[in-house]
Amino acid sequence: TAMAAKFGTSRDIPATKIAARYNAVFAINGDYFNYDNKGYIVRQGKLYRDNPREGADVLLIDDLGDLHIVRDATSAKIAAFDGTVVNSFSFGPALVVDGEAMAISENVQVAANKPTQRMVIAQDSALSYLCVATEGPENIDSVGLTLPETVELMMSLGCQTAYNLDGGSSSTMVLHNVKINALSSRKIRSICDILYFATLVDSQ
C-alpha cells in the first residue's frame, strides 16, 4: 500500500501519480482513511489508528498475502487475530467471507442500495486476487451496482473473500500508470491511498 502524503495530512493526488511514485504495475484506490478519525489502519506493518467504527467490517491482509475479514470489528476482535497484519482497510462492508455471501445491512453508510460505481478487492485462492471496478451513473450507458448486487457479482466470480473499498467517483484502477476504468466520464478524483501490485522483474 502507499499513501499520497504523510499520515495525518489531508493531501490527496491522482492514483496514477501515487502508482508511478512506487513503481506499481497495477493499483486500485484504498479506503479514504485520512478524512475520518475512525477505523483500524495498518499500512506496511505500521499501526496508525486503532479506533474501529462500531458495527464496521475490517479487512486484514497478513504477511502471507491472505485476506481476512473481521466482522463487526472491535479492537479486541482484531487483537485476537492469529497472524501478522501488514495492511488493513476500514471502508467495507464485507461482501464474501469464506465463500459465503454476506447480507448487507440497510444502515451501512456507503449508499448500500444506491446503484453506483463500486471497487472491490477479493481473493479466490492463495496469492490469487480479483480487483473489480464497476461503472456507474457518471458513465455513458451505465447504471451502477447496489451492494447486494455487488455481492452477487463477486459470488459469481468464485471469490472466497471479497471486501468493498471506496467507490463512486473515487473508484480508480491503474495499469502501468494509466487509469483504465470508467473512462467515459473522463473524471479523475484525487485520493489519499492505493493498494498496489509490483514486480521484481526488470522491464528494461
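This passage describes one helix, the internal cavities and the cysteines of a predicted model.

Helix α3 spans residues 147-156. Four of its residues, L147, T150, V151 and M154, are buried. They lie on the same side of α3, because together they cover an arc of only 105 degrees around the axis. The helix also has a face turned away from this buried side. That face carries E152 and S156, which are exposed. Helix α3 thus shows a buried side and an exposed pair of residues on the face turned away.

Several strands help to cover the buried residues of α3. Among them are β8 (94-97) and β9 (100-101). The cover also includes β10 (119-125), β11 (128-133) and β12 (161-165). After the helix comes G158. The phi angle of G158 is positive, near 80 degrees.

Attention now turns to internal space. Rolling a probe the size of a water molecule over the atoms shows where empty space is left. The count comes to three cavities of 30 Å³ or more. The largest cavity holds about 50 Å³ of space. Its lining includes a run of residues from M3 through A4, A5, K6, F7 and G8 to T9. R11, F33, N34 and C192 also line the largest cavity. By class, this lining has six nonpolar residues, three polar residues and two charged residues.

The second largest cavity has a volume of about 40 Å³. N29, G30, D31 and Y32 are among the residues that line it. The lining of this second cavity also includes D166, S170, I191, C192 and D193. Here the classes are evenly represented, with three nonpolar, three polar and three charged residues. C192 is named in the lining of the largest cavity and again in that of the second largest.

The cysteines were examined next. A disulfide is a covalent bond between the sulfur atoms of two cysteines. A search of the whole structure finds zero disulfides. Why is C159 without such a bond? The closest cysteine sulfur, in C131, is 10 Å from the sulfur of C159, and this is too far for a bond. C159 counts as buried because its relative accessibility is 2%, under the 20% cut-off. C192 is in no disulfide either. For C192, the nearest cysteine sulfur is that of C131, 17 Å away. C192 also counts as buried, because its relative accessibility is 4%.

Definitions and conventions: Residues numbered from 1 in each chain as written. Predicted model: local features only at pLDDT ≥ 70, side-chain atom pairs only at ≥ 80, totals over all residues. Heavy atoms only, no water. Buried < 20%, exposed > 50% of the residue type's maximum accessible area, 1.4 Å probe, protein only. Helix = DSSP H or I, 4+ residues; strand = E, 2+ residues; numbered from the N terminus. Arc of directions from axis to C-beta. Contact = heavy atoms within 4.5 Å. 1 Å grid on protein atoms, 1.4 Å probe; cavity = no way out; pocket = protein on both sides within 12 Å on 5 of 7 lines; lining within 4 Å. Points joined across faces, edges and corners; volume = space filled by probe spheres on them. Nonpolar A, V, L, I, M, F, W, Y, C, P; charged D, E, K, R; others polar. Disulfide = S-S within 2.5 Å.
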